[in-house]
Amino acid sequence: IHTALETRTVQVYEQEIWIDGTLQTEECRVAVCGDNEVIVIGRDITDRKQAEAALRQSEAKYRAMLTAIPDLVLRVKQD
């Protein structure tokens, strides 16, 4: 909030909070709306964060599989 007021720019940050026993990730934006006032807007980005983590895990898995393939691949024909 202090940074938003000092710089007069929108500040964005993420936070994790527990809601009803479930960890949720929120993106918060702090925007100046007066001389000494701000508005804070938060949105749930839990699904996006989980999808990003799953994508990183999948990419690491397939990268490891490709790395394990020998450098030389032979093509053999019947003749």
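Biologist: How do you know that the sulfur of Cys28 is too far from the closest cysteine sulfur for a bond?

Modeller: In this predicted model, the closest cysteine sulfur to that of Cys28 belongs to Cys33, 15 Å away. A disulfide needs the two sulfur atoms within 2.5 Å, so the distance of 15 Å is too far for a bond. Cys33 is in no disulfide either, the nearest cysteine sulfur being that of Cys28.

Biologist: How many disulfides does the rule give, then?

Modeller: The count comes to zero.

Biologist: Are these two cysteines buried or exposed, and what makes you say so?

Modeller: Cys28 has a relative accessible area of 3%. Buried means under 20%, so Cys28 is buried. Cys33 has 48%. Exposed would need over 50%, so Cys33 is called partly exposed.

Biologist: Let's turn to the strands. What makes S1 and S2 a pair?

Modeller: Nine bridges join S1, residues 11-19, to S2. Pairing requires at least two bridges, so the two strands count as paired. They run antiparallel, and one of the matches puts Glu16 opposite its bridge partner Thr25 in S2. With two residues between them, S1 and S2 form a hairpin.

Biologist: And how do you know that S2 pairs with S3?

Modeller: The test is again at least two bridges, and seven join S2 to S3, residues 38-44. These strands also run antiparallel. Ala31 stands opposite Ile39 in S3, and Arg29 stands opposite Ile41. A hairpin through five residues makes the connection from S2 to S3.

Biologist: Why are S1 and S3 said to stand at the edges?

Modeller: The order in the sheet is S1-S2-S3, an open sheet of three strands with antiparallel pairing. S1 and S3 each have a single partner strand, so one side of each is left without a neighbour in the sheet. From one strand to the next, the twist averages 30°.

Biologist: Where does helix H2 lie relative to this sheet?

Modeller: H2 lies across S1, S2 and S3, and runs at about 115° to S2. That helix covers residues 46-68 and includes Ala60.

Biologist: Why is Ala60 called partly exposed?

Modeller: The relative accessible area of Ala60 is 47%. Partly exposed lies between 20% and 50%, so Ala60 gets that name. The C-alpha atoms of Ala60 and Asp35 are separated by 48 Å, with the two residues 25 apart along the chain.

Biologist: Now a residue in S2: what makes Gln24 buried?

Modeller: Gln24, found in strand S2, residues 22-32, has a relative accessible area of 17%. The cut-off is under 20%, so Gln24 counts as buried. Gln24 touches residues including Ile17, Ile19 and Thr46.

Biologist: How do you know that the side chains of Gln24 and Glu26 make a polar contact?

Modeller: The distance between them is 3.3 Å. A polar contact asks for N or O atoms within 3.5 Å, one able to donate a hydrogen and the other to accept it, so this pair qualifies.

Biologist: What is said about the phi values of Arg8 and Asp20?

Modeller: Phi of Arg8 is near 60°, a positive value in a residue other than glycine. Asp20 has a positive phi of about 50° although it is not a glycine. Arg8 is found in the loop between helix H1 and S1, and Asp20 in the loop between S1 and S2.

Biologist: Why is Asp20 called exposed and Arg8 partly exposed?

Modeller: Asp20 has 80% relative accessibility. The limit is over 50%, so Asp20 counts as exposed. Arg8 has 46% and counts as partly exposed.

Biologist: To finish, what does the radius of gyration of the protein look like beside that of a compact globule?

Modeller: A compact globule of 79 residues would come near 12 Å, but the protein has 23 Å. Its C-alpha atoms fill a box of roughly 85 × 35 × 15 Å along the principal axes. Of the 79 residues, 13% count as buried. The elements run α-β-β-β-α from the N terminus on, and among contacts between residues at least 6 apart in sequence, 22% join residues at least 24 apart.

How values were computed:
Residues numbered from 1 in each chain as written. Predicted model: local features only at pLDDT ≥ 70, side-chain atom pairs only at ≥ 80, totals over all residues. Heavy atoms only, no water. Helix = DSSP H or I, 4+ residues; strand = E, 2+ residues; numbered from the N terminus. Buried < 20%, exposed > 50% of the residue type's maximum accessible area, 1.4 Å probe, protein only. Contact = heavy atoms within 4.5 Å. Axes fitted to C-alpha atoms, helices over the stretch in contact; angles between N-to-C directions. Rg over C-alpha atoms; globule rule 2.2 N^0.38 Å. Lists of a residue's contacts leave out its neighbours within four places in sequence.
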